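Dear colleague,

Please find below the structure that I agreed to pass on to you. My notes on its packing and its surface follow.

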Amino acid sequence: MSQVTRIPFIPYRLFFLYIEPTSALAGAWYASFRPQDYLRDLSSSGTPWIPTAGDLSTQTTMTLLQLANLYLLFATNEYCVLSSTNDVVIWRSLLFGLLVADFGHLITMAPLGGEVFWKFWDWNAMKWGSVGFVYLGATLRICFLAGIGLKRAQEEEKKRD
């Protein structure tokens with residue numbers, strides 16, 4: 001059964017409709033048009049390899065372009081679906097799928113070592129985006145799925161009567 005509710009602008013609408021899709025679009029641009037920087041910034045600060053255009057294989061370039069396409073899909077799905085409805089069942093369905101993706105994204109950071117998940121003082125901008133920002137998104141998704149800050153429309157109607 002659908003549960004139409006007023007989904008608060010702060011933090012949910014602001015983050016899920018504007019901040020996160022914009023961030024995903026930035027990631028798509030970065031992976032597409034600055035692939036060397038993307039790879040360098042994603043790796044450990046102690047990694048001596050600084051890729052140049054000639055260092056990237058066709059397969060690596062294709063993989064980064066596919067990643068950029070997935071970031072684009074992520075951004076458009078999140079914005080288009082969530083901006084089109086106040087049905088909390090739809091919001092929960094999409095946000096649950098994105099929460100699964102958050103955990104998958106964090107797992108992709110594991111090759112850098114366990115300290116990448118907690119040693120925030122060593123993070124560069126890419127690690128803040130790939131770990132810290134993902135922590136924020138996952139936390140907001142968990143809060144939404146738990147119903148924190150949501151009031152059912154029916155409850156609000158009763159209060160107005």
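**Surface and core**

Helix H1 gives the most to the nonpolar surface patch, with four residues. Please keep in mind that this is a predicted model. The patch covers about 500 Å² and is made by Phe-9, Ile-10, Tyr-18, Ile-19 and Tyr-79. One of these residues, Ile-19, has its place in helix H1. Is Ile-19 exposed or only partly exposed? Its relative accessibility is 37%, so Ile-19 counts as partly exposed, since that class lies between 20% and 50%.

Turning to the interior, the largest nonpolar core has 14 residues, and those that touch the most other members are Tyr-12, Phe-16, Leu-82, Trp-91, Leu-95 and Phe-144. Two or more residues of this core come from each of helix H1 (9-33), helix H4 (88-107) and helix H5 (125-145). H4 supplies the largest share, five residues. Beyond its neighbours within four places in sequence, Leu-95 is in contact with Phe-16, Glu-78, Leu-82, Arg-141 and Phe-144. Another core, of nine residues, lies apart from the largest one; Ala-28, Ala-31, Leu-39 and Leu-64 are among its members.

Helix H2 (residues 35-42) also deserves a look. This helix is mostly covered, with six of its eight residues buried, namely Pro-35, Gln-36, Asp-37, Tyr-38, Leu-39 and Asp-41. Against which helices do these buried residues pack? Their partners are H1, helix H3 (58-83) and H5.

Yours sincerely

Methods: Residues are numbered from 1 along each chain as its sequence is written. This is a predicted model: local features need pLDDT of at least 70, side-chain atom pairs count only at pLDDT 80 or more; totals for chains, interfaces and linings use all residues. Side-chain values use heavy atoms; hydrogens and water are left out. A nonpolar core is a set of buried Ala, Val, Leu, Ile, Met, Phe, Trp, Tyr and Cys residues joined through side-chain atoms within 4.5 Å. Buried means under 20% relative accessible area, exposed over 50%, partly exposed in between (1.4 Å probe, protein chains only). Contact means heavy atoms within 4.5 Å. Patches are made of residues with over 30% relative accessible area and no salt bridge: like charges are joined within 9 Å, nonpolar side chains (Val, Leu, Ile, Met, Phe, Trp, Tyr) within 5 Å. Accessible areas come from the Shrake-Rupley method with a 1.4 Å probe; for residues, only the protein chains shown count as cover. A salt bridge is a side-chain nitrogen of Lys or Arg within 4 Å of a carboxyl oxygen of Asp or Glu.
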